[in-house]
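These are my notebook entries on one protein chain. I record what I looked up, entry by entry, beside the structure itself.

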Amino acid sequence: MWPKADLAAAAASVNVDPAANVFLAPYAGPYGGVPAFDKMDLAQLKPGLEAGMAMNLAEVEAIANNPEPATFENTILALEDSGRALGDLFSYYGILSGNLSSPEFRAIQQEMAPRLADFQTTITQNAKLFARVKSVYENPRTKKMRPDQQRLVWLVYNGFAHDGATLQGAAKERYAAIDKRLAELYTQFSNNVLHDEESYVTYLTKAQLGGLPDSLVKAAASAAEARGQKGKYAITNTRSSMDPFLTYSTDRKMREKVWRTYYDRGDNGDAYDNNALIAEILQLRDERVGILGYENYASWRLEDRMAKTPERAMELMMGVWPAAIARVKEEVADMQKLADAEGATLKIEPWDYRFYSEKVRKAKYDLNSDEVKQYLELGKLREAMFFVAGELFNFNFTPVAEGTVPVFQEDVKVWEVTDKTTGAHIGLWYLDPFARPGKRSGAWATSYRSHETFNGERKVLASNNSNFVKPAPGEPVLISWDDATTYFHEFGHALHSLSSNVAYPTLNGGVRDYTEFQSQLLERWLPTDEVISRFLVHYKTGEPMPQDLVAKIKAAANFNQGF
Ligand SMILES: [Zn+2]
């Protein structure tokens, strides 16, 4: 074992009782403990962060000052087992920033981000600690350990070396100052985008609904009502609201307005403008890697990723770039031809792409994406994903009884994941499907707890988060083929974390760009015959998608890939 720090004393040094702070208290309840999402109290967040950092620093000091010679166990494993309370806190922090953000939270985040960066630098630049990590890394015995243990040692060592642990004097100080400033800038950048997503809503009148499908009109009506604008129709400033509007609206002026509002997020020349932030971020990144001796940021960033060098990344991109550009030109020419034939006197602009590509798709492949949507009902797609997970990973998904696992919002649902054959518990899967103010746009997967076994087995708490437009009460959620593909993609990330069999928490991290392999692989199960015939059924009649429609989707699979 390794020397234990006095965590209660560390927390007391900043006047916090960790047992009484919801963000620091160990997960309690069923399934090996679950986050107390129903008890989050913003007032406890800052004290929680301060105590979490103090506790983690006390642990790090105990490891660094251990009089025993450094070993894999007393240094690497001790680090793996440190920062537990802070780690749990960050699951809540992720929800508060990504799913439930508010001006109150953002004020705390803006204040704490640079302090968290400082805290991280204090650990990375702890010379005694790095000397111990280095000594384990260079110890010939390490080469004889299990491959996963060797990889863990390398990852921990590299985490320090790659982040300036070897710097001295003025360089060390400047590096820390840059990290702190970058943390501020990153936080401000994403909060500016979120601000602009929340603050700009385009309200339509009944006369401006031309071309919009019924489901979109209903969702826009309830979105407007939720914002106190009953009788109007709200197009919110998120991709899931903007995208279908641009696809179907016949009102070109409004298409331009909605397009500009979305693409101008963070670019409105006001207090939330990101242009100056971008310039400063680029300058500081360049200076930061210069201190480490790298030629540019890309060389540093790609070093531990699959591409390894900027040259190889460029080679990969340029391998497809000319073909992609040529394809875009062909597609826009097709759109222009169709617009001309219809007698529309216009030059295709970016806000026309979705609208006219939809028409070209119909003309070329006789494929109507609104018709496809009738077979893509959100609940059925979830069943389809569960089916695929059962076939491929032998997983079974069962909804947990309402109220047994706390959630942070009423639309969030939780399933237990078990082994289909043995019934053994594998983990929980949380789903937060709908867009709402304070939720960042896009779709993502995250975990509230990762698999590990080295110091007691921990089961996975995985989650998926989407921004589907919440339907009017009693209405189905019908989504596009692209959104269904994304749904499968993100579920692939969740399955990746649920399938983990690693012993050590750090090994769950994987290689950042390689983790896209699992998710892209899962996308390919959406257009399989099993999924189509069982789950892509008409939302009203229950009839499976007709063969000729399936054939058209497959024929059109490469359509619009340039755009
Ligand atoms: Zn992905």
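**Entry 1: aromatic pairs**

I began with a search of the whole structure, a predicted model, and it returned 31 aromatic pairs. I then examined individual pairs.

I looked up Phe386 and Trp415 and found their ring centres 5.6 Å apart. The planes of the two rings stand at 70 degrees, and an angle over 60 counts as edge-to-face, so I entered the pair of Phe386 and Trp415 as edge-to-face. Next I asked where the two partners lie in the chain. Phe386 belongs to helix H17 (residues 378-393), and Trp415 belongs to strand S4 (residues 413-419). The two residues are 29 residues apart, and their pair links distant parts of the chain.

Are Phe386 and Trp415 buried or exposed? Phe386 has a relative accessibility of 13% and counts as buried. Trp415 is buried too, with a relative accessible area of 7%. The reason is the cut-off: buried means under 20% relative accessible area.

I turned next to Tyr430 and Tyr448, whose ring centres are 4.9 Å apart. Their planes stand at 85 degrees, so I entered this pair as edge-to-face. Tyr430 is in strand S5 (residues 425-434), while Tyr448 is in strand S6 (residues 444-449), so the pair ties together parts that are 18 residues apart in sequence. Tyr430 is buried at a relative accessible area of 1%, and Tyr448 counts as buried at 4% relative accessibility.

I also asked which residues the ring pairs join into a cluster with Tyr430 and Tyr448. The cluster links these two with Phe23, Tyr27, Phe37, Tyr92 and Phe408.

**Entry 2: charges over rings**

I looked for charged side chains placed over aromatic rings. The charged end of Arg255 sits over the ring of Phe355, at 4.1 Å from the ring centre. I noted another case at Arg440, whose charged end sits over the ring of Trp444, 3.9 Å from the centre of that ring.

**Entry 3: a helix crossing**

I then considered helix H3 (residues 72-80) and helix H6 (residues 127-138), whose axes come within 9 Å. The two axes cross at roughly 115 degrees, and the crossing of H3 past H6 is left-handed.

Which residues meet at this crossing? From H3 I listed Phe72, Asn74, Thr75, Ile76 and Leu79. They meet Leu129, Arg132, Val133 and Val136 of H6. Sorted by class, the contact of H3 with H6 holds six nonpolar, two polar and one charged residues.

**Entry 4: three single residues in helices**

I looked up Phe189 and located it in helix H8 (residues 169-199). Phe189 has a relative accessible area of 30%, and I entered it as partly exposed. Leaving out residues up to four places away in sequence, Phe189 touches Asn274, Leu277 and Ile278. I also checked Phe189 against Ile426, which is 237 residues apart from it along the chain; their C-alpha atoms are separated by 37 Å.

Asp483 was my next choice, and it is found in helix H18 (residues 481-498). Its relative accessibility is 17%, and Asp483 counts as buried. Apart from neighbours within four places in sequence, Asp483 is in contact with Arg239 and Phe468.

For Val320 I recorded a place in helix H14 (residues 310-341). Val320 counts as exposed, at 53% relative accessibility. The cut-off gives the reason, because exposed means over 50%. Val320 and Ala78 are 242 residues apart in sequence, and from C-alpha to C-alpha they are 46 Å apart in space.

**Entry 5: positive phi angles in loops**

Finally, I looked up backbone angles. What is phi of Tyr31? Phi of Tyr31 is near 60 degrees, a positive value in a residue other than glycine. I placed Tyr31 in the loop between helix H1 (7-12) and helix H2 (45-64). With a relative accessibility of 25%, Tyr31 counts as partly exposed.

Lys308, likewise a residue other than glycine, has a positive phi near 75 degrees. The loop that holds Lys308 runs between helix H13 (297-302) and H14. Lys308 counts as partly exposed, at 47% relative accessibility.

Technical notes: Residues are numbered from 1 along each chain as its sequence is written. This is a predicted model: local features need pLDDT of at least 70, side-chain atom pairs count only at pLDDT 80 or more; totals for chains, interfaces and linings use all residues. Side-chain values use heavy atoms; hydrogens and water are left out. Rings of Phe, Tyr and Trp (its six-membered ring) pair if their centres lie within 6.5 Å; planes under 30 degrees apart count as stacked, over 60 as edge-to-face and the rest as tilted. Helices (H or I, at least four residues) and strands (E, at least two) are DSSP runs, numbered from the N terminus. Buried means under 20% relative accessible area, exposed over 50%, partly exposed in between (1.4 Å probe, protein chains only). A charge sits over a ring if NZ of Lys or CZ of Arg is within 6 Å of the ring centre and within 35 degrees of the ring normal. Axes are lines fitted to C-alpha atoms, for helices over the stretch in contact, and angles run from 0 to 180 degrees between N-to-C directions. A crossing is left-handed if the near helix is turned anticlockwise from the far one by less than a right angle, and right-handed if clockwise. Contact means heavy atoms within 4.5 Å. Ala, Val, Leu, Ile, Met, Phe, Trp, Tyr, Cys and Pro count as nonpolar, Asp, Glu, Lys and Arg as charged, and the others, Gly among them, as polar.
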